[in-house]
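Please open the model in your viewer and keep the sequence panel visible beside it. The tour below goes from one selection to the next and says what is there at each stop.

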Amino acid sequence: MFLGRVVGTVWATRKDDRLEGLKLLIVRPYGWYRPAHDSNHVVAIDKLDAGVEDDVVVVFGAPARWSLGGRNLPVEAAVVAVVDRTEVDPSAWTLPDAPFRFRPGLLPKGVEAPRAAGRGGG
Amino acid sequence: MIRGRIIGEVWATRKHPALEGRKLVLVSVVATQASAEGKQVAVPDGDVVVAIDTLDAAPGQEVLVSWGSGARNAVSPGHPGIVLADAAVSVVLAETFESSR
Amino acid sequence: MFLAKVVGVVWSTVKWPELEGLKLLLVRPYSLDALAGRGVPTSDAVVVADVYGAGPGEDVVIAYGHAARVSAEPGLPEGVRPSTPIDAAVVAIVDRYSVTPEFAGAESNHGE
């Protein structure tokens with residue numbers, strides 16, 4: 001699963017019948033986890049009524065299809081949670097060997113990078 | 001399985017019913033690299049994943065995260081089909097020994 | 001799944017029988033910048049199967065893996081494994097999309 005921000009919506013009338021009535025969202029992942037393809041966004045099915053600017057948890061693969069109640073659905077990603085709050089441990093920013101990197105320029109709601117303990121360039 | 005470090009937690013009220021009661025943690029994925037002295041060190045590779053945590057791992061702890069059906073087996077041994085997750089914390093590392101080569 | 005622009009069509013006569021009658025398209029995945037209206041998709045093109053009749057210039061939603069094989073077999077019953085030998089396919093043809101440019105935009109460093 002990954003954490004991402006909803007950045008847009010897709011409308012499509014010509015589509016697989018099994019997608020009828022399902023909402024498609026464009027999600028920007030905060031941290032990447034090696035999807036099969038090389039795009040920096042994910043289109044995910046949403047049945048939890050998430051909106052643009054919400055933070056969401058998206059699941060890939062078979063669990064995404066199960067969350068919609070089937071196995072043979074043409075669905076690769078689905079929203080399984082709309083995030084109330086994200087908490088990042090302060091130590092994550094100061095690890096000598098390991099300041100983790102969310103996608104630059106965008107952090108989850110309520111999460112702030114300490115000013116002094118930056119990323120040391122790069 | 002991949003190696004990572006717990007860096008935070010995610011809370012959600014609106015979620016799929018199958019995730020009810022599940023703790024969701026943020027894991028920074030680490031890769032091992034050779035340092036200048038030839039020692040293997042853990043370095044974050046920039047990926048951050050959300051995983052189900054049934055082992056009550058704390059921020060800062062190093063963990064192994066399993067994927068796919070492995071994740072579902074970690075959360076619900078013997079009944080992997082009912083777990084709505086593609087990643088789960090399956091091992092909390094107490095200590096790691098890095099080989100010198 | 002991700003958004004891509006159809007940039008071409010691929011024809012082939014020598015292929016697996018399971019691919020007979022399946023249209024193959026060349027698509028370029030969108031970047032967030034391109035989605036936000038800054039530039040055009042420039043990433044490496046991918047070959048995808050299409051049963052919904054998308055054409056060059058149109059935007060499409062692409063799925064990989066099992067979802068792609070399911071998409072290529074519209075009448076597939078639940079519980080039957082799809083067998084089409086593909087790994088990417090169109091699942092929807094986009095009428096319109098909207099993005100919030102300030103969140104979808106160019107990547108900058110933390111704290112600017």
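Over which residues of chain A does pLDDT stay under 50? Select residues 117-122 of chain A, since this is a predicted model and pLDDT remains under 50 along that stretch. For these residues the model has six contacts beyond four places in sequence. Chain A as a whole has a mean pLDDT of 83, with 80% of its residues at 70 or more.

**From chain A to chain C**

Next, show chains A and C together, where 40 residues of chain C are in contact with 43 residues of chain A. On the chain C side, the elements that each give two or more residues are the strands β1 (2-10), β4 (59-64), β5 (88-93) and β6 (96-99), along with the helices α1 (32-35), α2 (66-72) and α3 (101-104). The largest share of that side, four residues, belongs to β6(C). Coloured by residue class, the side of chain C that touches chain A separates into 24 nonpolar, 11 polar and five charged residues.

Keep β6(C) selected and add strand β1 of chain A, residues 2-11, with which β6(C) pairs in the antiparallel sense over four bridges. To see one position in this pairing, centre on G8(A), which stands opposite V99(C) of β6(C).

**Strand β7 of chain A**

Now move along chain A to strand β7, residues 85-88, and display its side chains. Which residues make up its covered face, and which its uncovered one? T86(A) and V88(A) form the covered face, whereas R85(A) and E87(A) lie on the uncovered face. In a regular strand the side chains alternate between the two faces of the sheet.

With β7(A) still in view, add strand β1 of chain B, residues 2-11, and the two strands can be followed as an antiparallel pair joined over four bridges. T86(A), already met on the covered face, has V10(B) as its bridge partner in β1(B).

**The side of chain B that touches chain A**

Finally, widen the selection to all of chains A and B, where 32 residues of chain B are in contact with 33 residues of chain A. On the chain B side, at least two residues each come from β1, β2 (14-15), β3 (24-34) and β4 (40-53), and β4(B) gives the most, with 10 residues. By class, the residues on this side of chain B divide into 20 nonpolar, six polar and six charged.

Terms used: Residues are numbered from 1 along each chain as its sequence is written. Chains are lettered from A and ligands numbered from 1 in the order in which they are written. Two residues are in contact if their C-beta atoms, placed from the backbone, lie within 7 Å. Ala, Val, Leu, Ile, Met, Phe, Trp, Tyr, Cys and Pro count as nonpolar, Asp, Glu, Lys and Arg as charged, and the others, Gly among them, as polar. Two strands pair if DSSP finds at least two bridges between them. A residue is buried if 20 or more other C-beta atoms lie within 10 Å of its own, exposed if 12 or fewer, and partly exposed in between; C-beta atoms are placed from the backbone. pLDDT is the predictor's confidence in each residue, from 0 to 100.
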